[in-house]
Amino acid sequence: MLDHTEQSSGDGRLDLGVVGLGYVGLPLVVEAARAGMRVLGFDVKEETVLSTNRGESHLNDLTDDDVGDCVRAGRLEATTDMTRLRECDTVSICVPTPLSKTRDPDISFILSATEAVAANLRPTQLILLESTTYPGTTRDVLLPRLEKTGFRVGKDFFLCFSPERVDPGNRVWLTKNTPKVIGGITPQCLDRGKEFYSRFIDTLVPVSSVEVGEMTKILENTFRAVNIGLVNEIALISDRLGVDVWEVIEAAATKPFGYMKFTPGPGLGGHCIPVDPRYLAWKMRSLNYSTRFIDVASEINAEMPFFVVGKVREALNHARKSVSESRVLILGVAYKSEVDDVRESPAVDILRLLEADGAEVVYHDPFVASLEANGTVWEGATLTDDLLSRVDAAVIVTDHRSVDYEKVLELAPIVVDTRNATQAARRGMLRPNPGGWIVKGYRSPPADTIPTEESCTDE
Ligand code: SAJ
């Protein structure tokens, strides 16, 4: 329970309430509690609340002690009771902003959090939105709902937008040392926001409006999605030319200026990079503007799972096996290495496409014991020599470090590597890499050596 003996910044009130104890909210409450604040975490998931109050972390990026130390010091408690928001001097909203089934923004979590904050709003409270969203959300969605209480922004309460910049799995850049952009509805709002964050975040980046803050975050993630789309297209082109895209990327990355390395992959996963740019695309469609870079990158990134399955089909076919009579092992289903999150993971698309082709699909992921997608639950398999020897093909979709890729290359008859995870293991091989993603088994010759209609008539 929170220690009420110490004087808080208000009359017995709490310094901070955080709505949403996920990969953004939980590290935030821990940093604030470590800085001496008394923090109340809010979540709709009873299990998250219970585990937090038990001093446990449900995230890979935080240990149980990270959470437990704050709980035992009486500085951190969790609850599902949203009426307790009124106890908090500052409230930070860190809820998910996913896409709906029609791939449009789903701000329902922001809306329900805002309604709860409005229902418990009290004078002098500072409200912060940290969830990634389209420019205009803070001013057009949150502000009117909060002012419906009769309170005035910048006078009775204060409202800012400050984008989260959590990189799951990153052990270097954490909540405390990652520069924090912040914009306020009014100058007074910005001042309150800067005063709050300066208590536990090293570097603040104040900007002139909440829209600048919202757009900054969208730019950061659109930058990644578009550059990943570019490098994925380079992979598709290199495959047709029979050029080793990994070697090309390593060579380009030696340029000490004017270049930033991105790597191709099986598609774009996670709750941010594939999602956030579509928030902007959706907003701009309502203003009759077509976000061409975002749309093209989304198309190319979405094509990658089909490309990967095409490689599996190609290799099996050359081994005179049909996909429908094959057993395929997917190595890694999380959306990126060293995380357990499968949201928007391309592995789910690849799994579903292979199953649709009639393959028997098994997966192994040290971070993901079971996988539920669209009503189907797949149980992860233990990675053994026997399993590797008894599949017809292995597809490396997520390159977790704990997997023995030498063993994969040795025992699986066909290996499709979408992350260049076998690079070190192949270094000693006669033909280290035929240049394609089929690193063991068959690889078709480059497109320009396959006779075309014209070349046949030329003869
Ligand atoms: N990916 C590639 N090639 C690359 C980089 C990533 O295919 O060169 C893929 C990954 O495998 C993954 C997806 O893109 O499937 C997204 O990976 P990511 O690391 O770019 O994105 P997230 O969602 O894990 O975290 C990102 C943060 N990442 C980095 O800054 C490196 C950051 O952009 C945001 O703070 C965070 O999203 C967020 O919450 O917006």
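Which ligand atom lies 2.6 Å from a polar side-chain atom of glutamate 164? In this predicted model, the partner of that glutamate 164 side-chain atom is an oxygen atom of the ligand. Two further contacts also involve oxygen. Arginine 419 places a polar side-chain atom 2.9 Å from an oxygen atom of the ligand, whereas valine 166 contributes a backbone N or O atom, which lies 3.1 Å from a ligand oxygen atom. The ligand taken alone exposes 740 Å², and the protein buries 88% of that area.

The wider surroundings of the ligand comprise 20 residues, of which Glu164, Lys217, Asn221, Arg224 and Tyr335 come nearest. Divided by class, this shell has nine nonpolar, eight charged and three polar residues. Among the contributors to the shell, helix H7, spanning residues 210-241, gives the most, with four residues.

The location of the ligand can also be described on the scale of the whole protein. The ligand takes up the space of the second largest pocket. Residues of the shell come from both domain 1 (14-208) and domain 2 (227-440), and the ligand therefore lies between these two domains.

Notes
Residues are numbered from 1 along each chain as its sequence is written. This is a predicted model: local features need pLDDT of at least 70, side-chain atom pairs count only at pLDDT 80 or more; totals for chains, interfaces and linings use all residues. Side-chain values use heavy atoms; hydrogens and water are left out. A residue is near a molecule or strand if one of its heavy atoms lies within 4 Å of it. A polar contact is a pair of N or O atoms within 3.5 Å; within protein, one must be able to donate a hydrogen and the other to accept it, and residues adjacent in sequence count only if both atoms are side-chain atoms. Accessible areas come from the Shrake-Rupley method with a 1.4 Å probe; for residues, only the protein chains shown count as cover. On a 1 Å grid over the protein atoms alone, a cavity is a set of points where a 1.4 Å probe fits but cannot get out, and a pocket is an open set with protein on both sides within 12 Å along at least five of seven lines; lining residues have an atom within 4 Å of a point. A molecule sits in a cavity or pocket if more than half of its atoms lie within 2 Å of its grid points. Helices (H or I, at least four residues) and strands (E, at least two) are DSSP runs, numbered from the N terminus. Ala, Val, Leu, Ile, Met, Phe, Trp, Tyr, Cys and Pro count as nonpolar, Asp, Glu, Lys and Arg as charged, and the others, Gly among them, as polar. Domain bounds come from an automatic or database domain assignment.
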